[in-house]
There are 2 protein chains.
Amino acid sequence: MSEKAFQDYYPDNYSHCYGCGRLNQDGMQLKSYWDGEETVCRYTPRSYHSGGFPGNIYGGLIASLMDCHSAASATAARMREDNYTADDRRPVPRFVTASLRVDYLKPTPMGGVLEIRGRIKEIKTRKIIVNTALFAAGELRAKGEAVMVQLTESNAGQ
Amino acid sequence: MSEKAFQDYYPDNYSHCYGCGRLNQDGMQLKSYWDGEETVCRYTPRSYHSGGFPGNIYGGLIASLMDCHSAASATAARMREDNYTADDRRPVPRFVTASLRVDYLKPTPMGGVLEIRGRIKEIKTRKIIVNTALFAAGELRAKGEAVMVQLTESNAGQ
């Protein structure tokens, strides 16, 4: 895909996340994109990402994917809301997770691509709520809701 | 520690979890123990487990630690409740996560041991709710609540 991913806008010093940092060579380097009014991220788990029961993904990976994709979706939503242009010189808005809830609806099988889709539920001044849904083999497997809080100069260490 | 960890009771075919499976050579191999009425698990993140902001842990790892530790705590709570003995021949009760909520209270720094403590909030016939708290450098960093559901023959593929 030639389109630039949300995570590719992050400044270098915010690009070391194990989940989605483009500068973390050992990480998963997740990439998120707009797909109409939804956001989408696709990831193929490695064979060692198995859960307690062989053949299924471990739950922590699902939470990780939802967390990083929600953070990226919040950034993208804020940029869209604030009419950022491709060569905008304003800082890229960055978010941290205040809370994450994951509902595991059914087992998520290994061996294929996972698709995580996001919807922006609510945009406030500093807070954005993102709903996510994780699909595998064409079926909904888990749902998530993340409350993301925008970093400001006063909480940049968050 | 010579005491047997909760995860060491899991049968082989449930011991491949990336988070806590003793047979997953690429995984984190978490170990959980009783500490009075609480359960405890300690883990030292690897250098690549950084979050978006360098020096802090990525949120997905925290969710993963809480998820696996909650599952193990549920198993241990059920075994204690049902008076399992060291050489008990009944099957080891196993749990899957129905839902997980994580509240990220403050940044979790890299470079030290993380301690995850669990408390059994509620035990029902098939459902156990576990509250967790994650500490780093002596401070509470995140709180979790997991609803764990016991596997039965009819849902063993879960």
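A:D103 finds its bridge partner across the chain boundary, in B:S99 of β3(B). The model is a predicted one, in which local features need pLDDT of at least 70 and side-chain atom pairs count only at pLDDT 80 or more, while totals for chains, interfaces and linings use all residues. Residues are numbered from 1 along each chain as its sequence is written, and chains are lettered from A and ligands numbered from 1 in the order in which they are written.

The bridge just mentioned belongs to a strand pair: β3(A) and β3 of chain B (residues 95-104) run antiparallel to one another, with five bridges between them. Pairing here asks for at least two DSSP bridges between two strands. Helices (H or I, at least four residues) and strands (E, at least two) are DSSP runs, numbered from the N terminus.

Zooming out to the whole contact, chain A puts in 37 residues and chain B 37 residues, with two residues in contact if their C-beta atoms, placed from the backbone, lie within 7 Å. On the chain A side, α1 (59-81) and β3 (95-104) each supply at least two residues. The largest share, eight residues, is down to β3(A). Sorted by class, this side of chain A holds 15 nonpolar, 17 polar and five charged residues; Ala, Val, Leu, Ile, Met, Phe, Trp, Tyr, Cys and Pro count as nonpolar, Asp, Glu, Lys and Arg as charged, and the others, Gly among them, as polar.

As for symmetry, a turn of 180° with a shift of 0.0 Å along the axis lays chain A on chain B with an RMSD of 0.0 Å. That is how a two-fold axis relates its copies. The superposition is by least squares on the C-alpha atoms of residues with pLDDT of at least 70 in both copies. Both copies use the same surface, and 100% of the contact residues of chain A recur in chain B. Within chain A, the residue that comes closest to the rotation axis is A:R101, at 2.1 Å (C-alpha).

Taken alone, chain A has one helix and six strands, in the order β-β-α-β-β-β-β from the N terminus. Its radius of gyration (over C-alpha atoms) is 15 Å, close to the 15 Å that the globule rule gives for 158 residues, so chain A is as compact as a globular protein of that length; the rule is 2.2 Å times the number of residues to the power 0.38. Along the principal axes, the C-alpha atoms of chain A fill a box of roughly 45 × 30 × 30 Å.
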